[in-house]
Amino acid sequence: MSLANVDLSAEAAVARSAWERRPLTPRQREIVDLAAGLADDFAETAAVWDRENRFPTDNWDRMRDEGYLRLCLPEELGGLGAGIQEFFLAQERLAAGDGATALAVNMHHVGVIAAVSAWRRGDERSGSYLRGVADGKVVFAGCTSETGRGGSLVDPGTKATRVDGGFTIVGRKSFFTGHHGCTFFHSNARYDDPDAGPQVLMFRLPIDAPKVTVHKSWDTLGMRGTQSDDLTFDGAFVPDEEVSLRYPVGTFDQKVGQGIFGVNVPSFGAVFLGVAGGAVAWGRAWVIERGRERDPEVQHAFAEMEVLLETARAVLYRQAHEVDSGLFAELGVQDAFARGSLVKHVAATNAVAVVELVSRVLGGVAYHRRYPVERLVRDVRAGPIMPLNSLDTHRLLGETSLGIVADAGRYHL
């Protein structure tokens, strides 16, 4: 499919040129090229999925066929073995073509990364899932959010009840991103343990598990192709072996801080930077085609875009280095939550500012649905409200900077 009156070839060429100027190792270049080939093709249909409010199933088939779903799978298990920096680079490039597809597949990648970490620690159950990823039979997604409770990592409204061999789960979740493409997903619930007290349980289930229902609810401003619908548990059974983590209600958890806030939350920043980069590439191609590149105001706007992009990348890829090198694991739990949130906040906030600058340069072109920038304006605005949202991030950063022990219950985690 293609969109009438929109020539994306110039945008793709400019995007490739911009990435070719970035200093990357041969290994990084290979991974970015994989993402670029997908991104340039996905860009041609991104507006279709957005306008029709549909999930891009064709894109998932393509990513599976070309090995992109095995991006973060260890090489010894048949994957590409991408580290965190390579993961961020690939996702940034993919999002330049289709932000919704990149955000949806992000949930799979972070699920793989979490399973790899557990497998390295000796968890054979996670190893079996990873072998399923290698075979193309396991695709992950995640669903912990609840309306009014944010990510629900501190005290979920969803309830778990102890039964023989496991737990039954009752409750409703929101923002189930990537469920159309997944075979397994992770979620969480509160369990009032009679001995240990209230606990948060993290668990995995197959998407077709009994008493698990997805409800069509996604009709949003942007990121429409993610189809992040609602989910209900009506007594779904979770075996004991599928409970991957448990920690006290109302607390920042060390493993959550290292995993979700070390990798997952910052990776959202990579996606939204990619959306912004896609807008810049399209705007640059438009400006050059019309001979406006020597306009001082246009030059100033593009200079500001570069400053915003590179500032955010410096923070994002510092985070990747700290995780890949093991330095991030040395942080205390509150520092880990704060640092990971800062990375996403800087990237998402700068991405919004970049797309706004592109809109100013393009004028009415950015307002017309005939062209892709209108969609990118909408898509990029999801960044600041994803966890931690900007309000909670500022609060956590301020408390951490001033040496105040944060009350986890005050945050929409």
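The second largest pocket of this predicted model holds about 810 Å³ of space. A pocket here is an open set of points on a 1 Å grid over the protein atoms alone, where a 1.4 Å probe fits and protein lies on both sides within 12 Å along at least five of seven lines. Its volume is the space filled by probe spheres set on the points, with grid points joined across faces, edges and corners. Local features need pLDDT of at least 70 and side-chain atom pairs count only at pLDDT 80 or more, while totals for chains, interfaces and linings use all residues. Residues are numbered from 1 along each chain as its sequence is written, and side-chain values use heavy atoms, with hydrogens and water left out.

Lining residues are those with an atom within 4 Å of a point, and the second largest pocket has 41 of them. Nearest its centre sit Ser145, Phe175, Thr177, Met386 and Pro387. At least two lining residues come from each of α6, β1, β3 (166-176) and α8, and α8 chips in the most, with five. These helices (H or I, at least four residues) and strands (E, at least two) are DSSP runs, numbered from the N terminus. By type, the lining of this second largest pocket splits into 20 nonpolar, 17 polar and four charged residues. Ala, Val, Leu, Ile, Met, Phe, Trp, Tyr, Cys and Pro count as nonpolar, Asp, Glu, Lys and Arg as charged, and the others, Gly among them, as polar.

The largest pocket comes in at about 1000 Å³. Its lining takes in 38 residues, with Ile113, Ala114, Ala115, Ser117 and Gly259 closest to the centre. Here α6 (99-120) gives the most, nine residues, and the elements that each supply at least two also include β5 (197-206), β8 (243-248) and α9 (296-325). The lining of the largest pocket is made up of 21 nonpolar, eleven polar and six charged residues.

Helix α6 is also home to Thr101. With a relative accessible area of 0%, Thr101 is buried; buried means under 20%, exposed over 50% and partly exposed in between, using a 1.4 Å probe and protein chains only. The Thr101 side chain makes a polar contact of 2.9 Å with the side chain of Asn59, and another, also listed at 2.9 Å, with the side chain of Asp98. Such a contact is a pair of N or O atoms within 3.5 Å; within protein, one must be able to donate a hydrogen and the other to accept it, and residues adjacent in sequence count only if both atoms are side-chain atoms. Setting aside neighbours within four places in sequence, Thr101 is in contact (heavy atoms within 4.5 Å) with Phe42, Pro56, Asn59 and Met63.

Leu24 sits in the loop between α1 (9-20) and α2 (26-42). It is buried too, at 18% relative accessibility. Apart from residues up to four places away in sequence, Leu24 touches Trp19, Arg29, Val32 and Leu89. Leu24 and Glu86 are 62 residues apart in sequence, yet their C-alpha atoms are 10.0 Å apart in space.

As for disulfides (pairs of cysteine sulfur atoms within 2.5 Å), a search of the whole structure turns up zero. Cys143 is in none, and its nearest cysteine sulfur belongs to Cys182, 9.6 Å away. That distance is too far for a bond, so the sulfur of Cys182 stays unpaired with Cys143. Cys143 is buried at 0% relative accessibility, and Cys182 is buried at 6%.
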